[in-house]
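User: I would like to go through the charged side-chain pairs of this model and the burial of the residues that form them. Please take the questions one at a time and give the reasoning with each.

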Amino acid sequence: MLRMTLFAALRNQPFLCSSSLQTLAQWLGTTLVSLLLLGCSMSHQSGKVSLTEGMDESAGPVPAYIISTPTATYYLEKHGGGLSSMLDKDGVDWIGFNNIKGSGHKGEYRGFPNAIHKQDGSYFHAMNAGTDKANGEVLIEHQNHVRIAFTSANGKWVGQWDFYPSHCDFTMTTVSPGYHYWVQYEGVPGGTMDDTDFWFNSATDIRHPINDSHKGDLPSPEWYAFGDESSPRMIFLLNHDDDTHPDNYVSRPHMTVLGFGRQEKNKFLNTPKTFSIGFIESVEYEKVSKDVATILN
C-alpha cells in the first residue's frame, strides 16, 4: 500500500529529481530509494521505455529489472526470469507476487508467465522456493524497446522479453526437446482478488464474474482480459498464434489461474510462441477487443 501511494503521488512531480531524492532518502530510508528514483524516471521518460535495476520491495524484496513505460511499470525478477509485479498508471500491482514460502495463492504462486513447472526444471517464474535459476541478459535498450533474454540454468530453455510503450511480449524462443510448457497469468485484477473482479475474452463479450471458469480453445485472436469495477482499465493476455490447445481459466480464493495451453495440470505447448501482456484504458468489450487485435498488425 505504501509503494502504491508514493508511486501515485510522485509519478507526476517533475521537480523531484536526483538531488532532492538523495535528501529524501536519508529521511525515508534506503528501502524506498529505488521507488523514488522510479518516480523521477517516469516523470522524465514520458512516452518512452526505460530500464533500471533495483528491488521489488513488495515481492520479498527481490532484485529486478524495472521497465517503465507510458502504460505500465514491469518488475522482471532477475534470478527467476518472470514478472513479480506489474503496476498500472495509478501504481496498482495486478500480479502481487511475494516469495514467502507457504504463502501459496496469496503470493508465491503468482506471476507471469510461470511457464516451466516441475518438468525439466521450473523456470520463468519470479524466484520462490520452487523456482530454478535462469540467467538474464539485456540485448536491446532503446527508448521505445527493451529486450531481455533469460536462459534456464540447464541451458535448454530460452525466454525472451520485449517491452514496448503499449505492452510487453514474452516469447519462448527455445523449447527443451520432448517437453511442454504453458503460459499463465496468476495475479490479482485491480490489486486484490475479490467479487468486484470480472473477465471477458475472445469467445464471449459477456462480462463474467471472476469466479466463472472457462474451458477450451479460444477463437482467433486468442485473448483474455481481466478487470475490476473500481478500475478504468483492464489487463489483457494475448496468444499470437491461433492454435488448437486448451486455454483454461479457473479462479482461486486469492488469484486468477489463466493458462494458455493448459488443461488441469496438463501442458500442451511445445514450439516457440509469443504472448503479450499489458493494460488497456477501457473496460468496454469493443474497445478492448480492437486494441488487442492491433498488436498483431
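Analyst: Buried means under 20% relative accessible area, exposed over 50%, and partly exposed in between. The model is a predicted one.

User: How many salt bridges does a search of the whole structure find?

Analyst: A salt bridge is counted when a side-chain nitrogen of Lys or Arg lies within 4 Å of a carboxyl oxygen of Asp or Glu. With that criterion applied to the whole structure, the number of salt bridges found is eight.

User: Asp162 forms a salt bridge with Arg147; is Asp162 buried or exposed?

Analyst: The closest N and O atoms of Asp162 and Arg147 are 2.6 Å apart, and the pair links distant parts of the chain, with Asp162 in strand 7 (residues 158-163) and Arg147 in strand 6 (residues 145-152), 15 residues apart. Arg147, at 23% relative accessibility, counts as partly exposed. Asp162 has a relative accessibility of 3%, and therefore counts as buried.

User: Which residue meets Lys273 in a salt bridge at 3.2 Å, N to O?

Analyst: Lys273 lies in strand 18 (residues 273-280), and its partner, 32 residues apart from it in the chain, lies in the loop between strand 13 (234-239) and strand 14 (247-252). Lys273 is buried, with a relative accessible area of 7%, whereas the partner is partly exposed, with a relative accessible area of 33%. The residue at 3.2 Å is Asp241.

User: Lys273 and Asp243 also meet in a salt bridge; are both residues buried or exposed?

Analyst: The side chains of Lys273 and Asp243 meet at 3.3 Å, N to O, and the pair links strand 18 with the loop between strand 13 and strand 14, the two residues being 30 residues apart. Buried requires a relative accessible area under 20%. Lys273 and Asp243 are both buried.

User: Which residues do salt bridges that share partners join into one network?

Analyst: Where salt bridges share partners, the residues concerned are joined into one network. Its members are Asp88, Asp90, Arg233 and Glu281.

User: With which side chain does the side chain of His167 make a polar contact?

Analyst: His167 is placed in the loop between strand 7 and strand 8 (168-174), and its relative accessibility is 8%, so it counts as buried. Not counting residues up to four places away in sequence, His167 touches several residues, among them Asp162, Phe236 and Ile277. The polar contact, at 2.8 Å, is made with the side chain of Ser166.

Definitions and conventions
Residues numbered from 1 in each chain as written. Predicted model: local features only at pLDDT ≥ 70, side-chain atom pairs only at ≥ 80, totals over all residues. Heavy atoms only, no water. Helix = DSSP H or I, 4+ residues; strand = E, 2+ residues; numbered from the N terminus. Buried < 20%, exposed > 50% of the residue type's maximum accessible area, 1.4 Å probe, protein only. Polar contact = N/O pair within 3.5 Å; in protein donor to acceptor, adjacent residues only side chain to side chain. Contact = heavy atoms within 4.5 Å.
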